[in-house]
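This report describes one protein chain in plain terms. Please look over the sequence and the model before reading on.

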Amino acid sequence: TAARPRITVIGTGYLGATHAAAMADLGFEVLGLDVVPEKVEMLARGEVPMYEPGLAKLLRQHVEGIEGASGRLRFTTSYEEVAEFGDVHFVCVNTPQKHGEYAADMSYVDTAFETLAPLLTRPALVVGKSTVPVGSADRLAALLAGLAPVGEDAELAWNPEFLREGFAVQDTLHPDRIVAGVRSERAERLLREVYAGPLAEGSPFVVTDFPTAELVKTAANSFLATKISFINAMAEVCEAADGDVVKLAEAIGHDDRIGRKFLRAGIGFGGGCLPKDLRAFMARAGELGADQALTFLREIDSINMRRRSHMVELTRDAVGGGLLGKRVAVLGASFKPDSDDVRDSPALNVAGQLHLQGAQVTVYDPKGMANARALFPTLGYAPSALEAVRAADVVLHLTEWREFRELDPEVLGEAVAQRHILDGRNTLDPALWRKAGWRFRALGRPTA
Ligand code: UDX
């Protein structure tokens, strides 16, 4: 029998670092590449550059040179080494939103392909995992065949990734589905071999062409964003009609066709994926002449952005109409709990708007403080929730960490100037806070 394919992973962000560790865990020899030497050095010590539950532990079980580790996982900055080592190369670099535009910035993906391809002197499968505008795979396949010394023997597959931050390890080892955009049986066979573990555990394997594989990712994220903005639109109506969006979501969610997940109303979605993927999708559809099909996504985006300004308005109302000099405590900075990621974080966006309007804002987050400070250095920061709320005129709950659900309203009540809290995530218990004498207001829920 042939030896197992050797795997490389290019780009070691959330996606790449997790993928590399997961592949080593599945028994493969893995070489991870990043162009940032500091990142490679950290990973080689078994340290993760971000907060992601379980990832550091998984890394340390496999990184070569760590005591007791399998040694199947190594890291490098050298493309030569990667090309020499690998049979299957996963490209996991990011595609951020272009500055001042909706479109995705493809430069990291393009550079990865342009650097790797000329070094491929033996048959290899290059697997794109980055989220890209539809049509990119066709273009990259041509580029690969053109630049690789082995020509057609350097083949492309497209294999989008659906992992959620905070659940990256679990989602990678036990994916809901594996999507394989392939052009040959060889490519399909290799991907099935690489994913044999999850497949054996019953993950569905969907084989398709390149454009469909690319679209599955953007369609899935658009659908999820649509669900969130739908329930947030209902929250707006509930507020106008004195209804309760939490009950409403629960009740419609009991219909299997609708489902209960992703119906949590609040200050909306953020992060490094949903917002930018939505915008890149609209931009790409425009280029393809299909922009009419996606005009509704513009509305999804604006409902989402309106949540943030609505939260700012509620805060202004809560402190009596003027924010100047008012003390606002913000609980939460990361874009969602169990993550230190603050990219396009609704919580920090609200905090930043309040600061610009003259409020004295103090932020606390269990894991996101360092990243928040780097992004918004002019905001105030406190080392705990209790410190953050000291002398506050109003408290905002903006990222739904478990720690915040477990706060004691009595204890916090002693520290604040006004017992007034706004729940931007609908996960605090109104009865509990009201019993402790707090004015409690939540988005899309009755005021008392
Ligand atoms: C998302 C997709 O879920 C994942 O499949 C894809 O690969 C990458 O993008 P992620 O960005 O990690 O993952 O976060 P997700 O859990 O989807 O949450 C996105 C945002 O939506 C967060 O800001 C979250 O707070 C918000 N959200 C989520 C809601 O406001 N309400 C909900 O009901 C669910």
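The text below goes from the domains to the ligand shell, then to the annotated sites and the strands.

**Domains**

The structure is a predicted model. Its chain is divided into domain 1, residues 7-208, and domain 2, residues 209-448. Between the C-alpha centres of domain 1 and domain 2 the distance is 32 Å. Where the two domains are in contact, domain 1 contributes 24 residues and domain 2 contributes 25 residues. On the side of domain 1 that touches domain 2, α6 and β7 (178-181) each supply at least two residues. The largest share of that side, three residues, comes from α6. By residue type, the side of domain 1 that touches domain 2 divides into 15 nonpolar, seven polar and two charged residues.

**The shell around the ligand**

Where does the ligand lie with respect to domain 1 and domain 2? Both domain 1 and domain 2 give residues to the shell around the ligand, so the ligand lies between them. There are 19 residues around the ligand, and E165, R264, F269, G271 and C273 come nearest. Helix α10 (residues 210-241) provides the largest share of this shell, three residues. The shell residues divide into 10 nonpolar, five polar and four charged.

**Annotated binding site positions**

An unreviewed UniProt entry places the feature "binding site" at D34, K39, T95, T131, E165, K276 and R343. These positions are spread over 310 residues of sequence, and in space they are up to 24.4 Å apart between C-alpha atoms. E165, listed in that record, is also one of the residues that come nearest to the ligand.

D34 and T131, two of the positions in the record, can be described further. D34 lies in the loop between β2 (30-33) and α2 (37-44). T131 is found in the loop between β5 (124-128) and α6 (136-147). Are D34 and T131 buried or exposed? A residue is called buried if 20 or more other C-beta atoms lie within 10 Å of its own. D34 has 25 other C-beta atoms within 10 Å, so D34 is buried. T131 has 24 C-beta neighbours inside 10 Å and therefore also counts as buried.

Contacts can be listed too, leaving aside neighbours within four places in sequence. On that basis D34 is in contact with G11, T12, K39, V40 and T77. K39 is itself a position in the UniProt list. For T131, the contacts are T95, P160, K217 and D277, and T95 is also in the UniProt list.

E80 gives a contrasting case. E80 is found in helix α4 (residues 79-85). A residue is called exposed if 12 or fewer other C-beta atoms lie within 10 Å of its own. E80 has 11 such atoms, so E80 is exposed. E80 and L120 are 40 residues apart in sequence, while their C-alpha atoms are 8.9 Å apart in space.

**Strands and their pairing**

Strand β1 (residues 7-10) is covered on both faces: I7 and V9 on one side, and T8 and I10 on the other, are all buried. β1 runs parallel to β2, and four bridges join them.

Strand β9 (residues 327-331) belongs to an open sheet of six strands with parallel pairing, in the order β11-β10-β9-β12-β13-β14. The edge strands of this sheet are β11 (380-381) and β14 (439-442), each of which pairs on one side only. Why is β9 described as largely enclosed by the rest of the structure? Five of the five residues of β9 are buried, so the strand is largely enclosed. R327, A329 and L331 point one way from β9, and V328 and V330 point the other way.

β9 pairs in the parallel sense with strand β10 (residues 360-364) over five bridges. Four bridges join β9 to strand β12 (residues 394-397), again in parallel. The table gives one pair of opposite residues for each of three strand pairings.

| Strand pair | Residue | Residue opposite |
|---|---|---|
| β1 and β2 | I7 | V30 in β2 |
| β9 and β10 | L331 | Y364 in β10 |
| β9 and β12 | V330 | L396 in β12 |

An unreviewed UniProt entry gives the annotation "domain: UDP-glucose/GDP-mannose dehydrogenase C-terminal" for residues 329-430. Over residues 329-430 the chain is 33% helix and 18% strand, and the end C-alpha atoms are 18 Å apart.

Key: Residues numbered from 1 in each chain as written. Predicted model: local features only at pLDDT ≥ 70, side-chain atom pairs only at ≥ 80, totals over all residues. UniProt positions renumbered as here; feature names shortened; annotations may be inferred. Contact = placed C-beta atoms within 7 Å. Near = placed C-beta within 6 Å. Nonpolar A, V, L, I, M, F, W, Y, C, P; charged D, E, K, R; others polar. Domains from an automatic or database assignment. Pairing = 2+ DSSP bridges.
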